[in-house]
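Student: I would like to go through some labels given to parts of a model and ask what each one rests on.
Tutor: Fine; here is the model.

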Amino acid sequence: MKHNFHTHTTRCKHAVGTDEQYVKAALDSGFDVLGFADHAPWAFATDYVSHCRMPADQWQDYKRSVLSLKEKYQGQISIRLGLECEYYPKYIDQLYRLRDDGCEYFLLGNHFLFTEESFPYTGTSCTDDDELRRYAEQAAEAVATGLYGCVAHPDLYMMYRTELSPACMEAADMICQAAREAEIPIEYNLLGLQGELSGHSRGYPNQDFWQYVRKWDNKVILGIDAHDPEQLRSQPVWDIALERLHAMGHRLVNQIR
Ligand SMILES: [Zn+2]
Ligand SMILES: [Zn+2]
């Protein structure tokens, strides 16, 4: 079964294509399941405005669009309504409300800690060991809430690091242990892999990380992290990911709850 639970839309301001173009690309590429998981519509208490997520007032439009595609393509492809969310303890009630309002799953995309209103992008800040530890602690805490169905790009912190240092291994252990206990998969990110294969590495997926965490025997899921419908059509990236994960002995799954 070919699946992808990590699909963005233009509402996040850094993706292209219509919602339906993602569905058509998925159908053309033989997907059985397509999950939309656009960047969460966090409503902030300050006048901070995010430039990398859907505004809070677009959730209803997003939901309507995904659900109408779900109906239109019923019997051809299973479409799921999800979101990729950080873990912001002070705003966590919003996720419960979104879930009650029909959001079927959340991917943990640990892009910022505490709240992005006052904390930097984790890909950048995790070059510092203390920040890295905080990243891992928050990821583990997020997973323990039981709200998230998957840890997206768990190795995001390798973005600006060149080697898997002892601090990086410790972070990997914390995240993978939490995912293991919660029985949720960690995601092998194909947007990152596509970058690597085209000479524009994002630092993840990091081969050393994936070798190192094999010992946790986590469930592993592929995630395209599509920001362009064309990314769903790239069979070589998909095949290389599978080949690498199988070579390392990872346990692949194709479902998230
Ligand atoms: Zn994005
Ligand atoms: Zn994403």
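Tutor: What follows takes a zinc site and then a helix, in a model that is predicted.

Student: What makes His14, His39 and His227 donors of the zinc ion (ligand 1)?
Tutor: A donor is an N, O or S atom within 2.8 Å of the metal. The NE2 atoms of His14, His39 and His227 lie at 2.0 to 2.2 Å, so they count under that cut-off. In sequence the spacing is H-x24-H-x187-H. The pair His14 and His39 links distant parts of the chain: His14 is in the loop between β1 and α1, and His39 is in strand β2, 25 residues apart.

Student: Where is the zinc ion (ligand 2) relative to the zinc ion (ligand 1)?
Tutor: The two zinc ions are separated by 4.2 Å.

Student: Why is His39 called buried?
Tutor: Its relative accessible area is 7%, and buried means under 20%.

Student: And why does His14 count as partly exposed?
Tutor: Its relative accessibility is 36%. Partly exposed is the range between under 20% and over 50%, so the label follows.

Student: How do you know that the span of helix α5 agrees with its number of residues?
Tutor: At 1.5 Å a residue, the 16 residues 129-144 should span 22 Å; the end C-alpha atoms are 23 Å apart, which agrees.

Student: What do the buried residues of α5 pack against?
Tutor: Those residues, among them Leu132, Tyr135 and Val143, pack against β3, β4, α4, β5 and α6.

Student: What is found at the start of α5, and what just after α5?
Tutor: At the start, a side-chain oxygen of Asp128 comes within 3.0 Å of the backbone nitrogen of Asp130. Just after α5, Gly146 has a positive phi of about 80°.

Definitions and conventions: Residues numbered from 1 in each chain as written. Chains lettered and ligands numbered in written order. Predicted model: local features only at pLDDT ≥ 70, side-chain atom pairs only at ≥ 80, totals over all residues. Heavy atoms only, no water. Helix = DSSP H or I, 4+ residues; strand = E, 2+ residues; numbered from the N terminus. Expected span 1.5 Å × (residues − 1). Buried < 20%, exposed > 50% of the residue type's maximum accessible area, 1.4 Å probe, protein only. Contact = heavy atoms within 4.5 Å. Polar contact = N/O pair within 3.5 Å; in protein donor to acceptor, adjacent residues only side chain to side chain. Donors = N, O, S within 2.8 Å, 3.2 Å for Na, K, Ca; no water.
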